[in-house]
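User: Could you walk me through some of the labels used for this model? I would like to hear the reasoning behind each one.

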Amino acid sequence: MNGRLSFEKLQIFPEISTPKPESANDEYTRRSQKNKLSLIALHLLTRDMAEQAGLSLEGPVSKICKQAGVNRTQVYERKNQLIKAFEGINLPEPGRPPIPSDPASDTAGWALRVTVLQYQIDNPGAVVRHSGGRTGYSPGFRRIILDLFDDWIGSQERFCELVEVPYATLDTWKARDANQAYEPASPRPIPEFGPEVNAVARMIIEDYAVWQGSVRDFLQYEPKRVDLPPNQIVRVLKISKMISSKKIKSPRYRGSTQKVQPGTILVTDGKGISVHLTESCEKRDYNWQGMVDQTTACHTAVVVTETENAHGVLTAYEQSVDFLGRKPDALVHDNKPIHEDRILRQTVEPDTTMIPATPRRPENKAVIEGEFGKFEQAVGRIKLDDSSPESLVKSAVEEVLRAYTAGINHAGRYEFQGLSRLQVLRRACPDPEKDRAFLESLKGRRDRYKKPDQLPTMGVARQLLDKGFTDFGLDVVDPKGTLRTWLSSRYTPEAIRQGLAIFATQRAKGRLRSETAHRYLVKVIQNCQDEIDLRQQEDLLREYAELEKRGMLRELEREYELLKAQCDGSGPTNDLAFQLSEKAVFGGMILQRSFWEAKLKRLLLKSKDRIDSVIRHIRRLFEAHWNDRFQLINHLIAWSSGLTA
């Protein structure tokens, strides 16, 4: 149409634009009758404007578009825009006259509101309001709202205002309730808790048992309650078998009660692709004939044609057969005439059943429509620079990479609670002060970085290496001295001297005459340095071990003095010999056992008559290992027999 339709001046819908007041006893027309009235009025307006523009609306859409010289894809896009515009116009509808306030009705209204709020408190997840403005309601919440509305004597508008449910949403629930009765969901069973389950895990399991919303909503609610990341909550629910460890999705196609095997059903459709040539300012439109598996949404074919036609569908089908390695059982398509092509039917039909989608049921092809929507959101318009062949190739590569990165950026991520990387980045409002300390430390790392200090003996080591390389004729393999510099910066002159000596003796035997002899020299120097370092480490270990031993002995002597002061011989628990024997048996380290054995030996050598009673006490230390008791008893018998000093 050449004229522009102004919705502001649209006054042909008096029941929509300016609702007239009616008496309380008048019967309101049904919503379907109002829709029919609007459709007839819109038809008359469209017919009159088409006649003024000299446009015939008879015949298929492709014929009308060809006559008008417009693109069919753009026509469908304009149709969607008009639908959205009329949805905005249809919102105000005729309503009842205002009802005077009644104190009794106000009391009933507040009681209704309290009932609904109490139900939400007792049933977490019954109403979940999402950040995008959408609200989710549980089946139980819908049931109680419908039950309360059955007993409500006021207007539906007032009821919806009190329970905070949109008017249109309640109408949808009422219509669905008339056709399909409510089936209460069985409560989730709570597993039996063992002693190893901590309080936080119990809380998560109990919260999910009464949760009425989806798992996704629960993973947004529960982390704030227990201060744990969502993946830990999912792990608890999987271990407790509250949710399945294997993610199971419902079938993507309408009317199916069982998920078919992958590769059984393919879905095909066409998508308009716009390519803009930046140099010539030319716009080219192509058709993307897509074909996907309905169960997995895997793309099995990609075919680009000038327009959507039967040949493109046939080519996509053949590519899919090659991709799968077999022919699918069914091919779901839309109701366009191209799918009635004789050659297409003869090629496909013998092995694959062609099933047209149900009219006005977009759910039939939801899987491929969703893929087209993702492409439009992530990739969109394609731009190519056709100023030269080189720039054309470069811009094509850039578009491929842009499509790849855009697909990743727009994909929902589990670690971001279903949001994409792009959404998280664009919504972020960083605080410059929050990360300032980290940025300053990151910047200062380079300033603080210094190369490792060179060994003070590097000059002497380099002289030894220069002399050795010259004597052995290894200058040719290290003309710039890079290897010698590296060796002198890492190894001491002593290791280099030993390595050169070992290399010289082996070379004198005629064993190192190859071009890779310098590698043997490097390895020998490394081994010599390791041996030197090991000796130094041994000396240091002895020094520190002696220091540790003296410290432990001081602690043991202090413990012995306290033990001796506590033991007054008034009973077995206060018997010094018994306590020393227990210390010797349960000693964790050899030093501890030796210390307590020495103290016990010194005590028993002064009173040998007590050895038998101490042996009996050691034998009754059943909680100790038998070998530890046996060894200590053996020592006591050897002391008493004079076998050891």
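**Reasoning behind the labels**

Analyst: Happy to, and let's start with Asp 575: its relative accessible area is 11%, and buried means under 20%, so Asp 575 is buried. Do keep in mind that this is a predicted model.

User: What makes the contact of Asp 575 with Arg 610 a salt bridge?

Analyst: The closest N and O atoms of Asp 575 and Arg 610 are 2.5 Å apart. The cut-off is within 4 Å, so the pair counts as a salt bridge. The two residues are 35 apart and link distant parts of the chain: Asp 575 sits in the loop between H21 and helix H22 (576-585), and Arg 610 in the loop between helix H23 (590-606) and helix H24 (611-619).

User: Why is Arg 610 called partly exposed?

Analyst: Its relative accessible area is 26%. Partly exposed lies between the buried limit of 20% and the exposed limit of 50%, so the label fits Arg 610.

User: How do you know that Glu 561 and Lys 564 are separated by about one helical turn?

Analyst: Both belong to helix H21, and they are separated by about one turn because they are three residues apart there. They also form a salt bridge, with the closest N and O atoms 3.8 Å apart, and that value still meets the cut-off of within 4 Å.

User: What makes the phi of Glu 164 worth a remark?

Analyst: Most residues other than glycine have a negative phi. Glu 164 is a residue other than glycine, yet its phi is positive, near 60 degrees. This residue lies in the loop between helix H7 (156-163) and helix H8 (167-179), and its side chain meets that of Arg 129 in a salt bridge of 3.1 Å, N to O.

User: How do you know that the buried residues of H20 line one face of the helix?

Analyst: The buried residues of H20 include Ala 495, Ile 496, Leu 500 and Phe 503. Seen down the axis, the buried residues of H20 fall within an arc of 155 degrees, so they line one face. Among what covers them are helix H18 (458-472) and helix H19 (482-490).

User: Why are E4 and E5 said to pair?

Analyst: Pairing needs at least two bridges, and six bridges join strand E4 (residues 282-293) to strand E5 (residues 299-305), so the two strands pair. They run antiparallel and form a hairpin with five residues between them. One of the partnerships is Met 291 with Ala 301 in E5.

Technical notes
Residues are numbered from 1 along each chain as its sequence is written. This is a predicted model: local features need pLDDT of at least 70, side-chain atom pairs count only at pLDDT 80 or more; totals for chains, interfaces and linings use all residues. Side-chain values use heavy atoms; hydrogens and water are left out. Helices (H or I, at least four residues) and strands (E, at least two) are DSSP runs, numbered from the N terminus. Buried means under 20% relative accessible area, exposed over 50%, partly exposed in between (1.4 Å probe, protein chains only). The arc is that of the directions from the helix axis to the C-beta atoms. Contact means heavy atoms within 4.5 Å.
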